[in-house]
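The report that follows takes the reader through one protein model, moving from aromatic contacts to helix packing, individual residues and cysteines. Please keep the sequence and the coordinates at hand while reading.

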Amino acid sequence: MRTERRIPAHVKSNMVFSGLSVNAEATGTQSKRHFKDVVPVKARHNPLLLSAILAFAAANQHRTLGEDGYLEIAELYHYDSVWRLISITENIDNIPLSETLATICLLRYYEIITQNVSSQKHLQGCYSLLASRQIHLTADLVSAGYWNYLREDITVALIEQRGLMITLSNQNAPPEPTEDTDCANYITFLLGKIINRCLSVDSHALSLIEWETMKAELDKWKPSLPSSFNTIQTPGLTKQGSFPSIWTLRSWHGIEDMEGLRRKLEYHATEICALALSSDSASVWVNAFGPIAFCCPWIRDTQKRVEMAEELEKWGKMTGWPVSIIANSLSPPSNTTPMTAF
């Protein structure tokens, strides 16, 4: 199926640049920038990957620019991508894993932009591809696709308050962190394990030993962070609002008694929102959607909730991400704090 001739070259180039820039921001924890630097090169010789890039890029242009012509282009290339995927998966043992996984990751973002977060056909496709293989985590494109998938699985799990699709164990743990990106990937892995243990449908109450084991892993991770992860607070530097200004050196560094517990949860929820609000990076915004959806119910200050909802709507328009479900959930809090989240 040939689709390339239907669109002028300069239009395709513009879409590719815009789409991959957004996706590189959304997957911004990879220092090698695989989706921005490696994927375009491979796409020149891989029609499947090229179609996925153009589908996502056109969908992003449609959402951010509001031009209907891009939607037709997006649907055309999405159809072409799915057709090519079906063709190559007939012999799944011989597929080019790195490029196919990158393709499905891009189609997942297409799925979000054109439909909504709850539509998860391509997310399921990523899971199916990864679950059938033993992935050796290094610094290659396959590993970049794995972390891309895992963060998206976590985002949806936090929004829907459920376990992940993928099972995580110490056997597929990332290597000991040596760079900033490794530290970010390691806490992503720990968060995924905690979500699976606490939010799965059939999960039972945590035992004291389990709680202490998970807490020990987190306590070990936090002091090991290099100084580059230290946040910078600048009171009064930016526009006045209900949240403090909290900055990081890299855009992606941002991921007792009952009343005392509520205050602690509200404090951490406020800090998560503040890190996102203080940033001008799409990677921070997109990766914050899940944590914000999960944590914001703990914020009892109505002004903060309203302010967060307004910023979410702005980020949605700028990135093309559908955020209305999250924003609408930030209605003024009731007298009942959502302890059922645990």
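Are Tyr 109 and Trp 321 buried or exposed? In this predicted model, both Tyr 109 and Trp 321 are buried.

**Overall composition**

The protein is built with 13 helices and 2 strands, and of its 342 residues 51% are buried. Its accessible surface amounts to about 17,200 Å², with carbon and sulfur atoms contributing 55% of that area.

**Aromatic contacts**

The structure contains 5 aromatic pairs. One of them joins Tyr 109 and Trp 321, whose ring centres lie 5.3 Å apart with the planes at 50°, so this pair counts as tilted. Another is formed by Trp 285 and Trp 315, where the ring centres are 5.5 Å apart and the planes stand at 5°, so the arrangement is stacked. This second pair connects distant parts of the chain, since Trp 285 belongs to helix H11 (residues 282-295) and Trp 315 to helix H12 (residues 302-319), with the two positions 30 residues apart in the numbering. Trp 285 and Trp 315 are both buried. Tyr 109 and Trp 321 also take part in a wider grouping, in that Phe 56, Tyr 109 and Trp 321 form one aromatic cluster.

**Packing of H7 and H11**

Two packed helices are described by the angle between their axes and the distance between the axes. Helix H7 (residues 141-160) packs against H11 at an angle of about 25°, and the two axes are 8 Å apart. Because angles under 35 degrees count as roughly parallel, H7 and H11 are described as roughly parallel to each other. The crossing of H7 and H11 is left-handed.

**Individual residues**

The loop between H7 and helix H8 (180-199) holds Gln 161, a residue that has a positive phi of about 50° although it is not a glycine. Gln 161 is partly exposed, at 36% relative accessibility.

Thr 103 is placed in helix H5 (residues 97-114) and is buried, with 0% relative accessibility. The C-alpha atoms of Thr 103 and Gly 145 are separated by 9.1 Å, while the two residues are 42 residues apart along the chain. A comparable description can be given for Cys 198, which is found in helix H8: its C-alpha atom is 7.7 Å from that of Gly 163, and the two residues are 35 residues apart in sequence.

**Cysteines**

A disulfide is a covalent bond between the sulfur atoms of two cysteines. The count for this model comes to 0 disulfides. Why is there no bond between Cys 296 and Cys 273? The closest cysteine sulfur to that of Cys 296 is the one in Cys 273, at 3.5 Å, which is too far for a bond, because a disulfide requires the two sulfur atoms to be within 2.5 Å. The relative accessible areas of three cysteines, among them Cys 296, are set out below.

| Cysteine | Relative accessible area | Class |
|---|---|---|
| Cys 183 | 5% | buried |
| Cys 198 | 31% | partly exposed |
| Cys 296 | 1% | buried |

Cys 183 and Cys 296 fall in the buried class because their values, 5% and 1%, are under 20%, whereas Cys 198, at 31%, is partly exposed.

Definitions and conventions. Residues numbered from 1 in each chain as written. Predicted model: local features only at pLDDT ≥ 70, side-chain atom pairs only at ≥ 80, totals over all residues. Heavy atoms only, no water. Buried < 20%, exposed > 50% of the residue type's maximum accessible area, 1.4 Å probe, protein only. Helix = DSSP H or I, 4+ residues; strand = E, 2+ residues; numbered from the N terminus. Areas by Shrake-Rupley, 256 points an atom, 1.4 Å probe, with all protein chains shown as cover. Phe/Tyr/Trp six-rings, centres within 6.5 Å; stacked < 30°, edge-to-face > 60°. Axes fitted to C-alpha atoms, helices over the stretch in contact; angles between N-to-C directions. Parallel < 35°, antiparallel > 145°, perpendicular 65-115°, else oblique. Left-handed = near helix turned anticlockwise from the far one by under 90°.
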